[in-house]
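Reader: I'm new to reading protein models. Could we go through this one together, one question at a time?

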Amino acid sequence: MRNGRPLLPWVVWGVAVLAYAAAVVNRSSLAALGPATQEHFGIDATTLSMFAMIQLIVYAGLQIPVGLLLDRFGASSMLLTGTLLMVVGQVVMATVSDVWLAILARVLVGAGDACTFISVMRMLPEWFSVRQLPVISQFTGLIGQAGQLVSITPLALAVASFGWASGFLGVAGVGVLVLILGCLVLRDRPGAGTVIERMTGRLGRISRTARPLGADEPTGAFTVPPPATEMMPVVTAPRIPGLGFWARARRLLSIPGTRLAYWMHFTSPFALNAFVLLWGTPFLTGGVGLDRAQAAGLLNLVILSSMGAALLLGPLSSRFVERRVPMYVVIVFAIVAVWLTVIFWPGTPPMWLLVVLVVVMPLGGPASMVAFEVSRSHTPRSFSGFGTGLVNTGGFTSSLIVIVLIGLVLDALGAGSPEDYSLHAFQIAFTVQIPFWLLGLTMIFVEQHRTKRWMREHGRRLR
Ligand SMILES: NCCCC[C@H](N)C(=O)NCC(=O)O
């Protein structure tokens, strides 16, 4: 058998993706519990929305620090630390009645969540061949996002039937299960030990004989020394954190392929996130005038379309590596075209147009996963945690700003609350997306051009 234990990469991936799905459950655990949360803590809607905002800000703000820690401590340690933080956060959420402690709980959940996805993305190139990675990454995104489904109906039912504390302790319990599995199974790379093996100093046979899939192919990650500086011209990690950070940041940002990946992650997912996380239902019901069931049906179509696109895009971007950026750009143009049609539609957009919108717009989610493929192709292995963290801030930053701007425009138009919503106000508010698409697409064209030139100059081929 050429690959010692061909099952192990799949088992490691299975546990890693379970940890990501659990993080998504934690992230969206308040999604269907708005009124219950308000009642439990006695808070108004603005304070409730602060819970979500703070959590997202913590998530986005920690991507780069977590990425740096990943390069130093490895993916499995960071993933388990993240899970532990979420467990503590949910135990606090289950047991406190003070709103500030509840906010602290959401900070812990946001911090733990911030450690999870990029750790999984950092681990994958160590275990899978470069041909498999696009498909595995898309499946990771798809299965992880399915965690949202768990946090909507089952968690709401659990809280309604067994009470607030039991519901959130249940989520914490899932985290404990992930922690146990993670300690037993996760390994940063073939040949590395589990956390338990590293703590006891005894590397088991499974770890010693582990091989990546496609071990004879080059892996997706490549190794180059970190930046040489006058004070530290050696290959080890920098000892002075400030100097190390800026030197590493300069080196990373000097790679056009990493910048291209950042702008790709920035550009395609914000319309989807703004729609799904906040503004979709108010637009469809308060703006277009659909009833709740019709709006829910369209939101379900969003999820189905995103899943279908993930299944298609993985194999396509693996088969046509050279074409993955043009494919991505076509998707963004399609999203822009359908949104502009909705925004400038005279009168109420017809149902067929709304269906096209909820089928095309979600393609931006799986398309954003292609950004991690681009990042992996161009970012040296010793920087890949930092690179993945940086790229992952792109979509979260653009989404947060667009969500806030849409709310501000609605307020400015006097249409900020459900009784004042109007279609016209929503159409104006959604125009805030246009400069973000323009900026993102321009930067993608610029960086794609620079990346091609850089590759010619460095004699590199895409992998
Ligand atoms: N099937 C769509 C998955 C989109 C995932 C998205 N691009 C992403 O970056 N996710 C990060 C996370 O923490 O969920």
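Reader: What is the mean pLDDT of the protein?

Author: Good place to start, since this is a predicted model. Of its residues, 92% reach a pLDDT of 70 or more. Averaged over the protein, the pLDDT is 88.

Reader: And where does pLDDT stay under 50?

Author: There's one stretch to watch, and the model still has 39 contacts beyond four places in sequence for it. Where pLDDT is low, the predicted coordinates should not be read in detail. So go easy on the contacts of this part, residues 218-240.

Reader: How many Å separate the centres of domain 1 and domain 2?

Author: First, the bounds: the domain assignment gives domain 1 as 1-209 and domain 2 as 246-455. Take the centre of each over its C-alpha atoms, and the separation comes to 24 Å.

Reader: Which helix gives the most to the side of domain 1 that touches domain 2?

Author: The contact takes 24 residues from domain 1 and 25 residues from domain 2. On the domain 1 side, α3 (45-73), α5 (99-127) and α6 each supply at least two residues. By class, that side has 16 nonpolar, five polar and three charged residues. The top contributor, with 10 residues, is α3.

Reader: Why does the ligand's shell lie between the domains?

Author: Look at who supplies the residues around the ligand. Helices α6 (133-145), α14, α17 (364-378) and α18 (384-412) each bring at least two of them. Both domains give residues to the shell, so it lies between domain 1 and domain 2.

Reader: Which helix supplies the largest share of the shell around the ligand?

Author: Of the 13 residues around the ligand, the ones that come nearest are F117, G141, A310, G365 and S368. Sorted by class, the shell has six nonpolar, seven polar and no charged residues. The largest share is four residues, and they come from α17.

Reader: At roughly what angle do the axes of α14 and α16 cross?

Author: Two packed helices are described by the angle between their axes and the distance between the axes. For α14 (residues 292-319) and α16 (residues 351-360), the axes come within 7 Å. The crossing is right-handed, and its angle is roughly 35°.

Reader: Which residues in α16 do L298, L301, V302 and S305 in α14 meet?

Author: Think about class before names: the contact of α14 with α16 has seven nonpolar, one polar and no charged residues. On the α14 side you have L298, L301, V302 and S305. Across from them, in α16, are L354, V355, V358 and V359.

Technical notes:
Residues are numbered from 1 along each chain as its sequence is written. This is a predicted model: local features need pLDDT of at least 70, side-chain atom pairs count only at pLDDT 80 or more; totals for chains, interfaces and linings use all residues. Axes are lines fitted to C-alpha atoms, for helices over the stretch in contact, and angles run from 0 to 180 degrees between N-to-C directions. A crossing is left-handed if the near helix is turned anticlockwise from the far one by less than a right angle, and right-handed if clockwise. Two residues are in contact if their C-beta atoms, placed from the backbone, lie within 7 Å. Ala, Val, Leu, Ile, Met, Phe, Trp, Tyr, Cys and Pro count as nonpolar, Asp, Glu, Lys and Arg as charged, and the others, Gly among them, as polar. A residue is near a molecule or strand if its C-beta atom, placed from the backbone, lies within 6 Å of it. Domain bounds come from an automatic or database domain assignment. pLDDT is the predictor's confidence in each residue, from 0 to 100.
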